[in-house]
Amino acid sequence: MFQSVNRYLAEAGLDDPVVCYQGAVVADPRTGTFLRHVPIPRELAVEAIAAVEGEGFHLNCYVDDELYVGEVTPEARAYADFQHLDIHAVGSLREWLERDPTKLVAVGEPTALDGLEIRMKERFSRRMYISKSLPYFLEFAHPDVTKASGMDFLAERLGVTPDQTVGFGDGENDVELLEWAGYAVAVANAHERVLAVADLVCPRASEQGVAQVLEAYLDSRR
């Protein structure tokens, strides 16, 4: 979410455009405006909500950079606390939803979500992009949305080509980004699909592997 990442941008003193929502949004921190926004069509979102809730999973719905849920469950609380977010409980999401949401996220136990991912990909096929971000989050987006599509939009805006970029990743939803980037780096604790497409594997996230790569590059330019 833009509101989630914006606090880190402010702390770091950065005001460059940022890719959010797994590529569905590119936002300008200086104005708070969305330079790119590719939401899920409402009817498709309602179908996905029914499918996920029908299997007993908690679902988050994102509209206007706010988090909406049917009811405040332990899963909703865990996600909101992790991201430092306010929760808006609206009752039935299917009845409440009147606009195209930016994304949907199913929250649950990792192994159970693995099974849900398989079934949802079979059901929605090319109609939605579905991927795990973290083991307990299964994300649903417009089929044209990936981190790669968000970065491609931003790179074109900045006059940068993919071969001039370095991509870093760890989660399953980083695969497309690393395939797009000119040079792909995975942290050592990355998902196996990310490791398979990486040009370089750096130390784990807990060892600040990304920072180590960036610092090594900057040192080489001196």
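Two strands are taken to pair if DSSP finds at least two bridges between them, and helices (H or I, at least four residues) and strands (E, at least two) are DSSP runs numbered from the N terminus. The model described here is predicted, so local features need pLDDT of at least 70 and side-chain atom pairs count only at pLDDT 80 or more, while totals for chains, interfaces and linings use all residues. Residues are numbered from 1 along each chain as its sequence is written, and side-chain values use heavy atoms, with hydrogens and water left out.

A good place to start is the sheet of 6 strands, which is open, has mixed pairing and follows the order β6-β5-β4-β7-β9-β8. Because β6 (87-89) and β8 (129-132) stand at the edges with a single partner strand each, one side of each has no neighbour in the sheet. Neighbouring strands are turned by 25° against each other on average, direction ignored; axes are lines fitted to C-alpha atoms, for helices over the stretch in contact, and angles run from 0 to 180 degrees between N-to-C directions. Helix α3 (residues 74-83) lies across β4 (58-63), β5 (66-69), β6, β7 (103-107) and β9, at about 45° to β4, where contact means heavy atoms within 4.5 Å.

At one edge of this sheet, β8 runs antiparallel to β9 (residues 137-141), and 4 bridges join the two. A hairpin through 4 residues connects β8 to β9. Within the pair, Y129 stands opposite A141 and I130 opposite F140. Although β8 is an edge strand, both of its faces are covered: Y129 and S131 are buried on one side, I130 and K132 on the other. Here buried means under 20% relative accessible area, exposed over 50%, and partly exposed in between (1.4 Å probe, protein chains only). In a regular strand the side chains alternate between the two faces of the sheet.

The interior can be described through its nonpolar cores, each a set of buried Ala, Val, Leu, Ile, Met, Phe, Trp, Tyr and Cys residues joined through side-chain atoms within 4.5 Å. The largest core has 25 residues, and L104 and F140 have the most contacts inside it. Two or more residues come from each of α2 (42-54), β4, β7, α5 (110-124) and β9, with α2 giving the largest share, 7 residues. Neighbours within four places in sequence aside, F140 is in contact with I40, V52, K103, L104, A106, M120, M128, Y129 and I130. A second, separate core of 24 residues includes V69, A76, V107 and Y129.

Helix α2 itself has 13 residues and reaches 18 Å from its first C-alpha to its last, close to the 18 Å expected at 1.5 Å a residue; the expected span is 1.5 Å times one less than the number of residues. Its buried residues are L44, A45, V46, A48, I49, A51 and V52, and they pack against β4, α4 (93-96), β7, α5 and β9. After α2 comes G56, whose phi is positive, near 90°.

The other open sheet has 3 strands in the order β1-β2-β3, with antiparallel pairing. Its edges are β1 (18-20) and β3 (33-37), each with a single partner strand, so one side of each is left without a neighbour in the sheet. The twist averages 30° from one strand to the next. Strand β2 (residues 25-28) is joined to β3 by 4 bridges, and D28 has T33 as its bridge partner in β3. Two helices pack on this sheet, and both touch β1, β2 and β3: α1 (residues 2-12) makes about 150° with the direction of β1, and α6 (residues 147-158) makes about 115° with that of β3.

The loop between β1 and β2 deserves a look of its own. Most residues other than glycine have a negative phi. In this loop, however, lies Y21, with a positive phi of about 50° although it is not a glycine. The loop also holds Q22, another non-glycine residue with a positive phi, of about 60°. Y21 is buried at a relative accessible area of 2%, and Q22 is buried at 8%.

Finally, the structure holds 0 disulfides (a disulfide being a pair of cysteine sulfur atoms within 2.5 Å). For C20, the nearest cysteine sulfur is that of C61, 17 Å away. C20 counts as buried at 4% relative accessibility, and C61 counts as buried at 0%.
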